[in-house]
Amino acid sequence: MKRLVARPVSTERLDLGEGCRWDEVTQRLQWVDVFTGRLFEAAYDGSQLTDTVEVAVDGVLTATAPLVDRSGWIVAANQGIALLSRGGAITWLAEPESGKGGAVRMNDAACDPAGRFWAGSMAFDASPGAGSLYRYDVDAACSQVLTDLTISNGLGWSVDGRRMYHVDSGAATLTVYDYDLERGRLSGGTPLVVLDEGQGVPDGLCVDSQDHLWVAIWGAGAVHRYSPEGELVCVVDVAASQPSSCALGGADGRQLFITTARRDVSPDVLDQQPDAGRLFSVEVDVPGLPLHAFRGPGLPGR
């Protein structure tokens, strides 16, 4: 089994860095700091993230995907889904968790290859069964697809778009579904990776061009690469105990970028992890896939 070591490529230490995505169209990385409501976008010069810009929303911002014309993003934030312009204007599209007294928020999200936006949710206190997974279609319909989740998290699709991967961090489980790309429908549902207590928790993920999955392992200071059959084939060591998401990108698509968090880490542990909260990167052998953009109402390329 291969083993790699990631290195820091940013300077700011975020509270809860999440949702990193590499956009091959703009040649920039995007990520969020969840509880400060900030979206970051930066170039990568081969050694460091540079030319960073920020856009902020009120409340929590948990995940983003670019609009197909790159005029802004579709985002998961607070209790719903919205459009966010590059100038910071926000337009709410759906708020499926708004009727729960503020106890539930959105979490990880991503677009499928057809341009639909999938977004999960969780309780602020991570209550079991409080989370769901929603699909926001290109015709503006918002549907609840999965229920009784605890921490709806990482999402990804196979190269051919016929399999969908979804993490419930509360159950420490990565599940693979058969996926009807034309209709955006799930079927089946087979646990692909289940981590035992003490092994860490699967969090955000990305899929590479060989249909292998890179999965951030929260609590273990690592990112794992799994085969399509769920075999662990590579471990990336990260000098922060809480890696939260990962994305493949850079000029040749072979830089693995990793967000990390400092939230709820004790001061004693942080003393031993001075880089916690920074973004990390490591070069890998296999490039990633193009980033899926949102193709919703009123946007070109529907």
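This is a short viewer tour of one predicted model, with a suggestion of what to select at each stop.

Before you click, note that the model is predicted, so local features need pLDDT of at least 70 and side-chain atom pairs count only at pLDDT 80 or more, while totals for chains, interfaces and linings use all residues. Residues are numbered from 1 along each chain as its sequence is written, and side-chain values use heavy atoms, with hydrogens and water left out.

**Stop 1: Y177**

Select Y177 and show its side chain. You're in strand β17, residues 173-180; strands here are DSSP runs of E, at least two residues, and are numbered from the N terminus. Is Y177 buried or exposed? Y177 counts as buried because its relative accessibility is 12%, and buried means under 20% relative accessible area, exposed over 50% and partly exposed in between (1.4 Å probe, protein chains only).

Now bring up the contacts, meaning heavy atoms within 4.5 Å. Leaving aside residues up to four places away in sequence, Y177 touches L146, R162, R163, M164, H166, L186, S187, G188 and G189. Add T190 too: its C-alpha sits 6.5 Å from that of Y177, with their positions 13 residues apart in sequence.

**Stop 2: the β7 to β10 sheet**

Switch to cartoon and pick out β7, β8, β9 and β10. These four strands make an open sheet in the order β7-β8-β9-β10, with antiparallel pairing; two strands pair if DSSP finds at least two bridges between them. At the edges you'll find β7 (61-66) and β10 (90-94), each pairing on one side only. From one strand to the next, the twist averages 30° (axes are lines fitted to C-alpha atoms, and angles run from 0 to 180 degrees between N-to-C directions).

Zoom in on β9, residues 80-85, which pairs with β10 over four bridges in the antiparallel sense. Label L84 there: I90 in β10 stands opposite.

**Stop 3: the β23-β24 hairpin**

Next, select 243-249, which is β23. How many of its seven residues are buried? Seven of the seven are, so to speak, under cover: the strand is mostly covered. Extend the selection to β24, residues 255-260, and you have an antiparallel pair with six bridges. P243 has T260 in β24 as its bridge partner. Between the two strands the hairpin has five residues, and G250 takes a positive phi near 85°.

**Stop 4: salt bridges**

Time to colour the charges. A salt bridge here is a side-chain nitrogen of Lys or Arg within 4 Å of a carboxyl oxygen of Asp or Glu, and by this rule the count comes to 22.

- Pick R3 and D237, whose closest N and O atoms are 2.9 Å apart. This salt bridge links distant parts of the chain, 234 residues apart: R3 is in β1 (residues 2-5) and D237 in β22 (residues 232-237). R3 is exposed at 51% relative accessible area, whereas D237 is partly exposed at 25%.
- Move to D108 and R21, which meet at 3.1 Å, N to O. D108 lies in β11 (residues 104-111) and R21 in β3 (residues 17-23), so the pair ties together parts 87 residues apart in sequence. Both D108 and R21 are buried.
- Then take E41 and R28, with closest N and O atoms 3.1 Å apart. E41 belongs to β5 (residues 38-44) and R28 to β4 (residues 28-33), 13 residues apart. E41 and R28 are both buried.

Finally, select E12, D33, R38 and E54 together: salt bridges with shared partners join them into one network.
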